[in-house]
Amino acid sequence: MLEDVITAVREVAASAVMPQFLKTARSRKHDGSLCTSADIAAQAALKTRLRTILDCPIMGEEMPPEEQQRLWRAGEDALWCVDPIDGTSNFVNGLPYFAISVALMKNRRSVLGVVYAPYSDEMFCAESGRGASLNGESLPLVTHNAALRGAVAGVDFKRLPRALACDLARTPPYSSQRNFGSSSLEWCYTAAGRFDVYLHGGQKLWDYAAGALILQEAGGAVCTLESDDFWASPLWQRSVVAALDAELLHAWCSWIRAHLPD
């Protein structure tokens with residue numbers, strides 16, 4: 001099944017996404033975020049292809065919220081979760097950090113995840129209990145930095161509590177910080193060892209469904225701002241605190257929680 005999903009994602013990227021790079025029509029959704037004709041075309045193509053692999057509900061980012069919730073309720077046994085272009089703002093502005101993200105969830109947990117960055121031709125993937133890889137090479141690619149002080153951090157400041165964001169800006173506990181504007185890729189960059197630690201204030205299901213599995217199958221560890229159990233936190237706005245191993249996550253999470261507002 002994983003190879004079938006990889007093939008489908010590559011074909012959708014080639015037919016529906018990359019031909020519209022820097023050429024796509026754009027609009028704003030109800031929440032103010034960007035949507036393009038490439039997002040809509042890719043989501044439709046993925047729905048068609050994924051149904052031939054496993055016929056179960058398919059939930060995509062470019063659907064009305066009420067439809068997403070209906071599909072989530074209907075997909076307890078099995079559910080495809082799709083982000084046709086994660087990093088749409090990058091896509092329309094010519095920045096090469098965007099990806100197609102596909103996850104298969106069973107009993108509300110991800111069991112298969114694929115994140116494909118077509119510009120760089122990087123295919124990240126994982127299956128539950130079988131490890132994670134990038135273009136066939138096992139993740140992580142590089143050894144992580146065990147000390148928080150020397151870490152490279154992926155941090156998205158936009159949805160963090162204001163007090164925490166200010167403390168991170170003034171007195172960061174890490175060495176260097178990056179943010180690429182594509183949640184699924186940032187999960188994968190952590191899994192690959194490009195980031196040592198990762199922080200995001202709130203993600204939707206399609207932002208983390210594939211990426212969280214890829215990180216965990218690479219040996220990474222994850223929790224949220226409030227809870228040690230990542231998968232038990234609120235479904236539609238889930239914060240992310242992650243690292244490549246449990247020891248580093250403990251140091252990262254301890255610093256973060258000590259700087260959360262009361």
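How far away is the nearest side chain of opposite charge to the buried E186? The legends below take this question first and then visit other parts of the predicted model.

**View 1. E186, a buried residue with no salt bridge.** The answer to the opening question is 8.9 Å, and the side chain at that distance belongs to R159. A salt bridge needs a side-chain nitrogen of Lys or Arg within 4 Å of a carboxyl oxygen of Asp or Glu, and E186 has none. To find E186 in the view, look in helix α6, which covers residues 183–192. Its side chain does have a polar partner: a polar contact of 3.1 Å joins E186 to the side chain of Y198. Setting aside neighbours within four places in sequence, E186 touches N179, F180, G181, F195 and Y198.

**View 2. Cysteines without disulfides.** Here is a useful reminder: a disulfide is a covalent bond between the sulfur atoms of two cysteines. How many disulfides does a search of the whole structure find? It finds zero. Take C166 as one case: the closest cysteine sulfur, in C253, is 20 Å from its own sulfur, and that is too far for a bond. C188 is in no disulfide either, as the nearest cysteine sulfur, that of C125, lies 9.4 Å away. Their surroundings can be read from the accessibility values: C166 is partly exposed at 29% relative accessibility, whereas C188 is buried with a relative accessible area of 0%.

**View 3. An open sheet of seven strands.** Strands of a sheet pair through backbone hydrogen bonds, either parallel or antiparallel. In this sheet the pairing is mixed, and the strands follow the order β3-β4-β5-β6-β7-β8-β9. The edge strands are β3 (58–60) and β9 (137–138), and each of them pairs on one side only. If you zoom in on β3, you can follow its parallel pairing with β4 (residues 79–86), which runs over three bridges. One residue to look for is G60, whose bridge partner in β4 is V82.

**View 4. R10 and D121, a salt bridge between distant parts of the chain.** Side chains of opposite charge can pair when their charged atoms come close. A search of the whole structure finds six salt bridges, and the one in this view joins R10 to D121, with the closest N and O atoms 2.7 Å apart. R10 sits in helix α1 (residues 2–17), while D121 is in the loop between β6 (109–117) and β7 (122–127). The two residues are 111 residues apart. Both ends of the pair count as partly exposed, R10 at 33% relative accessibility and D121 at 36%.

**View 5. Two more salt bridges, R130 with E127 and R257 with D228.** In the pair formed by R130 and E127, the closest N and O atoms are 3.6 Å apart. R130 is exposed, with a relative accessible area of 68%. The side chains of R257 and D228 meet at 2.9 Å, N to O. R257 lies in helix α8 (residues 246–258) and D228 in the loop between β13 (221–223) and β14 (238–243), so this salt bridge ties together parts that are 29 residues apart in sequence. How accessible is each partner, R257 and D228? R257 counts as partly exposed at 30% relative accessibility, and D228 is exposed, with a relative accessible area of 60%.

Notes. Residues are numbered from 1 along each chain as its sequence is written. This is a predicted model: local features need pLDDT of at least 70, side-chain atom pairs count only at pLDDT 80 or more; totals for chains, interfaces and linings use all residues. Side-chain values use heavy atoms; hydrogens and water are left out. Helices (H or I, at least four residues) and strands (E, at least two) are DSSP runs, numbered from the N terminus. Buried means under 20% relative accessible area, exposed over 50%, partly exposed in between (1.4 Å probe, protein chains only). Lys and Arg count as positive and Asp and Glu as negative; His and the chain ends are not counted. A polar contact is a pair of N or O atoms within 3.5 Å; within protein, one must be able to donate a hydrogen and the other to accept it, and residues adjacent in sequence count only if both atoms are side-chain atoms. Contact means heavy atoms within 4.5 Å. A disulfide is a pair of cysteine sulfur atoms within 2.5 Å. Two strands pair if DSSP finds at least two bridges between them.
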